[in-house]
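Okay, everyone, thanks for coming. I'll put the model up, and then we can walk through it together.

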Amino acid sequence: MSRASKINYIKVVLLLVLVVFLYAFSSARNSGRKVAAPDVKFIGSQDLFITQETVSKLLIQNQEGVTNKPKEIIDLNVLETALNSNAMIKEAQVYMSIDGSITAEIEQKQPIARVSTNASYYIDSQGLFMPLSDNYTARVPLVTGTVLKNDLDNVYKIAKKVSEDKFLKQHVIEIHQNENKSIDLKFRLNDFKIQLGALKMLDKKINNLKAFYQKAFKDKTLDSYSIVNLKFDNQVICTKK
């Protein structure tokens, strides 16, 4: 082997040793970095039912404090599971940057109705139980009558319809479920009771209600009725005061 070849060989070996050393040094330094205080970001609505402080406490309680701990002992899956188990949170994602910063992205549940019976709680946009918040109160229709926390499907169906329909969302302030699961509605500016009955052919009943309201509003007779009955097909039966 020529002298030049030997020198080049030695250079390559030294370069490889240097690369391995720098990689090991960087890895050791990176793994030894201390984790900074978590950064909590809320995705979507900024009406906060759960606060940044509460999220930080959940992170601390479930990792015995994440601040100032070496990166390699932080289990992000444990932190995500803890956050996702909170009844205010729809989905949480936790990730860590190379410099040891933890970020928690939080998507809150969104309430569409508030049950007000012997217990008080929200029904969220997926039809699930959601507790009330000390931090923020949602302006959603009240649900009264016979309502069970483990049987919300019927109430959820009409609450979802109200939340998605511009006319209903503007007017409906109360959803009442009777013992036989028939539904009554109450409007914001009118004192008549709207009897929907069973929720079969719901879209048709709502269209009938809109047609009645438009005509009665035009005729200025909305305040003349105590009951608007939509239980029967193709009929709106009104009871006068």
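Let's start at one spot: D165, which sits in the loop between α4 and α5 (166-171). Before I go on, keep in mind that this is a predicted model. So, is D165 buried or exposed? It counts as buried, because its relative accessibility is 11% and the cut-off for buried is under 20%. And what does D165 touch, once you set aside its neighbours within four places in sequence? I206 and K210.

Now let's zoom out. The protein chain has six helices and twelve strands. It runs to 241 residues, and 36% of them count as buried. If you take the contacts between residues at least 6 apart in sequence, 51% join residues at least 24 apart.

On to the cores. In soluble globular proteins, nonpolar side chains tend to be buried together. Here the largest nonpolar core has 34 residues. Which ones have the most contacts inside it? Those are I158, I175, L196 and F212. Helix α6 gives the most to this core, with six residues. Take I158 as an example: not counting residues up to four places away in sequence, I158 touches I175, I183, L185, L196, L199 and L202. There's also a second, separate core, with 19 residues, and I50, L83, I89 and A138 are among them.

Next, salt bridges. How many does a search of the whole structure find? Seven. I'll show you three of the pairs.

The first one on my list is D151 with K181, whose side chains meet at 2.7 Å, N to O. D151 is in the loop between β7 (142-145) and α4, and K181 is in the loop between β8 and β9 (183-187), so the bridge ties together parts that are 30 residues apart in sequence. Both ends are partly exposed: D151 has a relative accessible area of 28%, and K181 has 34%.

Then there's D203 with K161, where the closest N and O atoms are 2.7 Å apart. D203 lies in helix α6 (residues 202-219) and K161 in helix α4, so this pair links parts that are 42 residues apart in sequence. D203 comes out as partly exposed at 47% relative accessibility. K161 also counts as partly exposed, at 22%; the cut-off for buried is under 20%.

My last pair is K215 and D219, with 2.8 Å between the closest N and O atoms. What separates these two along the helix? About one helical turn, because they are four residues apart in α6. K215 counts as exposed at 55% relative accessibility, whereas D219 is partly exposed, with a relative accessible area of 39%.

Okay, empty space. Rolling a probe the size of a water molecule over the atoms shows where empty space is left. The largest pocket here holds about 310 Å³ of space. Who lines it? The lining is P111, I112, R139, V140, P141, V162, S163, K169, V172, I173 and R188. The elements that give two or more residues to that lining are β4 (111-116), α4 (153-164) and β8 (172-177). By class, the pocket lining divides into seven nonpolar residues, one polar and three charged.

As for closed space, the count comes to one cavity of 30 Å³ or more. The largest cavity has a volume of about 30 Å³. Lining that cavity are M201, K204, K205, N208, L230, F232, D233 and N234. In terms of class, the cavity lining has three nonpolar residues, two polar and three charged.

One last residue before I stop: V78, found in helix α3 (residues 76-84). V78 counts as partly exposed, because its relative accessibility is 34%. If you want to find it on the screen, use L59 as a reference: the two are 19 residues apart in sequence, and 9.1 Å apart in space, C-alpha to C-alpha.

That's my tour. Shall we rotate the model and look at whichever part you like?

Key. Residues numbered from 1 in each chain as written. Predicted model: local features only at pLDDT ≥ 70, side-chain atom pairs only at ≥ 80, totals over all residues. Heavy atoms only, no water. 1 Å grid on protein atoms, 1.4 Å probe; cavity = no way out; pocket = protein on both sides within 12 Å on 5 of 7 lines; lining within 4 Å. Points joined across faces, edges and corners; volume = space filled by probe spheres on them. Nonpolar A, V, L, I, M, F, W, Y, C, P; charged D, E, K, R; others polar. Buried < 20%, exposed > 50% of the residue type's maximum accessible area, 1.4 Å probe, protein only. Salt bridge = Lys/Arg side-chain N within 4 Å of Asp/Glu carboxyl O. Contact = heavy atoms within 4.5 Å. Core = buried A, V, L, I, M, F, W, Y, C linked by side-chain atoms within 4.5 Å.
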